[in-house]
Amino acid sequence: MADPRELPLAFVHAETEEAEAAAKRLKNLYPNVHPKDAEIIIALGGDGFMLETLHEQFGDGVSIFGMNRGTIGFLMNAYREDALYERLARSERVTLHPLKMEAKTTDGSPSQALAINEVALFRQSRQAAKLRIRIDGVIRLEELVCDGALVATPAGSTAYNLSAHGPILPLGTPLLALTPISAFRPRRWRGALLPQKADVEIEVLESSKRPVSATADFTEIRDVNMVRVREDRKTELHLLFDPEHNLEERILKEQFIP
């Protein structure tokens, strides 16, 4: 990385008093520009705000250094106001590729969205969803009766995927996690690890009787009958982490939490 002192910085913050106050203090300490003119964005908030910031930067090539002014902060560095340039100079860059969701609704309308964490399907009514799963055009599961299912990236494997008892994927692993949500039949099926190049198609069976919605991070599509998920290798997102708090180490630690 070039000398951070020579790179335009932008400070963005979540809509909380704590994050807004932090942004104000940092802007008084360091020169800053509009986010569209920045090469490094300093994001102040929690993981939800980091996802929002990443979504706003699709295709811009900017690097994002998050500092935690939220709750969990899995994707964030520790908050400190001093030595910011030195931290940026020492930071390690992680490149992420989002998932591309292509969905078709029951009335035939197509929709697309990108997801950094996961693409998930959920039942919309009291009745369980019935899903058929194809991987690279081959039916791998004829019928999954469940509350839903999701496809998670390594970066997203510690989010909703983990709470659904899916596997944690170390960053850089060329895999995706396919995880059922409250599977009823087959009851013993716990999901699958897929190559990162896998083309996943999930067909909604009996969609009029058992409606299903699909989400790609913040984007929700109601009443879908087919969802296709693939990794978008053309799109890159760049995160910066302090060496002692890099994302690989956090994912590793997460696997040993009692």
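**Exercise 1.** Determine which residue of β6 stands opposite L99, and describe how β5 pairs with its neighbours.

*Solution.* Step 1. L99 stands opposite A115 in β6. The model is predicted: local features require pLDDT of at least 70 and side-chain atom pairs pLDDT 80 or more, while totals for chains, interfaces and linings use all residues. Residues are numbered from 1 along each chain as its sequence is written, and side-chain values use heavy atoms, with hydrogens and water left out.

Step 2. Strands β5 (residues 99-105) and β6 (residues 110-115) run antiparallel and are joined by six bridges. Here strands (E, at least two residues) and helices (H or I, at least four) are DSSP runs numbered from the N terminus, and two strands pair if DSSP finds at least two bridges between them.

Step 3. The hairpin of β5 and β6 has four residues between the strands, and G108 takes a positive phi near 90 degrees in this hairpin.

Step 4. β5 also pairs with β16 (residues 224-231), in the antiparallel sense, over seven bridges. The bridge partner of A103 in β16 is V227.

**Exercise 2.** State whether β5 is mostly covered or mostly open.

*Solution.* Five of the seven residues of β5 are buried, and the strand is mostly covered. Buried means under 20% relative accessible area, exposed over 50%, and partly exposed in between (1.4 Å probe, protein chains only).

**Exercise 3.** Establish the strand order of the five-stranded open sheet and its edges.

*Solution.* Step 1. The order is β1-β2-β3-β17-β4, with mixed pairing.

Step 2. β1 and β4 (92-96) are the edge strands, each pairing on one side only. Neighbouring strands are turned by 30 degrees against each other on average, direction ignored.

Step 3. β1 and β2 run parallel and are joined by five bridges; in β2, I42 is the bridge partner of F11.

**Exercise 4.** Describe how α1 and α2 are placed relative to the sheet.

*Solution.* Step 1. Helix α1 (residues 17-29) lies across β1, β2 and β3, running at about 160 degrees to β1. Axes are lines fitted to C-alpha atoms, for helices over the stretch in contact, and angles run from 0 to 180 degrees between N-to-C directions.

Step 2. Helix α2 packs on the sheet, and its direction makes about 150 degrees with that of β2.

Step 3. In α2 (residues 47-56), the buried residues include F49, M50 and L51. The buried residues of α2 pack against β1, β2, β3 and β17, where contact means heavy atoms within 4.5 Å.
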